[in-house]
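Please open the model in your viewer, show it as a cartoon, and keep a selection panel at hand. The tour goes from one selection to the next and says at each stop what can be found there.

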Amino acid sequence: MLSKHVTKIVQSLEKKKFRDKYNLFKIEGEKLVQELLLSDLKINTLLAYPEWIARNRNSCTLPKIIEVDAREMGLISNFQSLPEVIALASIPEYTYSEEEIIHSLSLVLNGIQDPGNLGTILRVADWFGVRHIFCDRDCASVYNPKCVQASMGALFRVKTHYTELLPLLQKFNTPDFPCYGTFLNGENIYKVRLSRQGFIVMGNEGSGIRSEIEQLIQCKLTIPSFAHNAYSTESLNVGVATGIILSEFKRNTE
């Protein structure tokens, strides 16, 4: 049976201040929960229908489980079509080694506001083998329920770090470790020699990359439009743009 106390906690995880307070975030739906169970993240509680528990009890080691019915699931789920299971997981504390960073590509996100876009970027990063994403404090939270859903499980594999970007970029600012950034007036990405390692900075959906960050970018890139008229799309969604850029990096360096 779902207590009022647990119900209140799960409902409160919609807001960042309560995710921080309890150090928990919510994962909804069988597919995402199965991916969570395969990850290294610490699971606090599962809230599930009896049918889901019966199907999964012998297939993996399950943590604390609270059995719920449809009425109770309706109190804690964001889905219109109620899921069979919801998980509460601890927010991980990730670290990174300088050696790992200087020999790989990492994404740097400057003020990405939309949690759906952020989730898409996580998904794209996971597909192209990017293991680390660095976000500034102005970015949306990767543990926002919309981001969790949009990431399609990538959140459990790609390590996201929230940090001050200027000291980070200055720390790794060497000729052998280029810092790329996306701009409308940058160089055509299809004509630039790209590196196997470095930072790729993606800016805010509306205002782009902040000027103080721009000063540390060694190579400005753009994705050219191939539209045949003057009334084409003004710009690309940041998640779509990230996918195109990472695809071109991998095509040129693998």
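Begin by selecting strands E5 and E9, which run parallel and are joined by 6 bridges; keep in mind throughout that this is a predicted model. Within the pair, Leu-105 stands opposite Gly-198 in E9. Add E8 to the selection, and you will find that E8 also runs parallel to E9, the two being joined by 3 bridges, with Cys-179 standing opposite Phe-199 in E9.

Stay with E9 for a moment and colour its residues by burial. Is E9 mostly covered or mostly uncovered? The strand is mostly covered, since 6 of its 6 residues are buried. Both faces take part in this: Gly-198, Ile-200 and Met-202 are buried on one side, and Phe-199, Val-201 and Gly-203 are buried on the other.

Now widen the selection to the whole sheet, an open one in which 6 strands follow the order E7-E6-E5-E9-E8-E10 with parallel pairing. At its edges lie strand E7 (159-162) and strand E10 (219-222), each of which pairs on one side only. Direction ignored, neighbouring strands of this sheet are turned against each other by 35° on average. Towards the E10 edge, strand E8 (residues 179-188) pairs with E10 in the parallel sense over 5 bridges, and here Tyr-180 stands opposite Cys-219 in E10.

Next, bring in the helices that pack on this sheet. H7 touches strand E5 (105-110), strand E6 (132-135) and E7, and its direction makes about 175° with that of E5. H11, for its part, touches E5, E8, strand E9 (198-203) and E10, and its direction makes about 160° with that of E9.

Select these two helices together. Helix H7 (residues 115-127) and helix H11 (residues 238-253) pack with their axes 8 Å apart and at an angle of about 15°. H7 and H11 are therefore roughly parallel to each other, and their crossing is right-handed. To see the contact itself, show the side chains of Asn-117, Thr-120, Ile-121, Val-124 and Ala-125 on H7, together with Val-238, Gly-239, Thr-242, Gly-243 and Leu-246 on H11.

From the same helix, pick Leu-122, whose place is in H7. Why does Leu-122 count as buried? It does so because its relative accessibility is 0%, and the cut-off for a buried residue is under 20%. Leaving aside neighbours within four places in sequence, Leu-122 is in contact with Ile-133, Val-142, Cys-147, Ser-151, Ala-154, Leu-155, Val-158 and Thr-160. Of these partners, Ile-133 is worth a distance label: Leu-122 and Ile-133 are 11 residues apart in sequence, and their C-alpha atoms are 8.1 Å apart in space.

Ile-133 leads on to the nonpolar interior. The largest nonpolar core has 52 residues, and the members that touch the most others are Phe-25, Ile-27, Trp-52, Leu-107, Leu-109 and Ile-133. Centre the view on Leu-109 and, not counting residues up to four places away in sequence, you will find it touching Leu-118, Ile-121, Ile-133, Phe-134, Cys-135, Asp-136, Cys-139, Leu-165 and Met-202. Apart from the largest core lies another, of 16 residues, which includes Phe-134, Leu-165, Val-201 and Ile-209.

Move now to the other sheet on this tour, an open one of 4 strands in the order E1-E4-E2-E3 with mixed pairing. Strand E1 (24-28) and strand E3 (65-67) stand at the edges and have a single partner strand each, so one side of each is left without a neighbour in the sheet. On average, and with direction ignored, neighbouring strands here are turned by 20° against each other. E1 pairs with strand E4 (residues 85-90) in the antiparallel sense over 5 bridges, and Glu-28 stands opposite Ile-86 in E4. Helix H3 (residues 30-38) packs on this sheet, where it touches E1, strand E2 (43-48) and E4, its direction making about 35° with that of E4.

Finally, zoom out to the whole protein, which has 11 helices and 10 strands. Its C-alpha atoms fill a box of roughly 60 × 45 × 35 Å along the principal axes, and buried residues make up 49% of its 254 residues.

Technical notes. Residues numbered from 1 in each chain as written. Predicted model: local features only at pLDDT ≥ 70, side-chain atom pairs only at ≥ 80, totals over all residues. Heavy atoms only, no water. Pairing = 2+ DSSP bridges. Axes fitted to C-alpha atoms, helices over the stretch in contact; angles between N-to-C directions. Contact = heavy atoms within 4.5 Å. Core = buried A, V, L, I, M, F, W, Y, C linked by side-chain atoms within 4.5 Å. Buried < 20%, exposed > 50% of the residue type's maximum accessible area, 1.4 Å probe, protein only. Parallel < 35°, antiparallel > 145°, perpendicular 65-115°, else oblique. Left-handed = near helix turned anticlockwise from the far one by under 90°.
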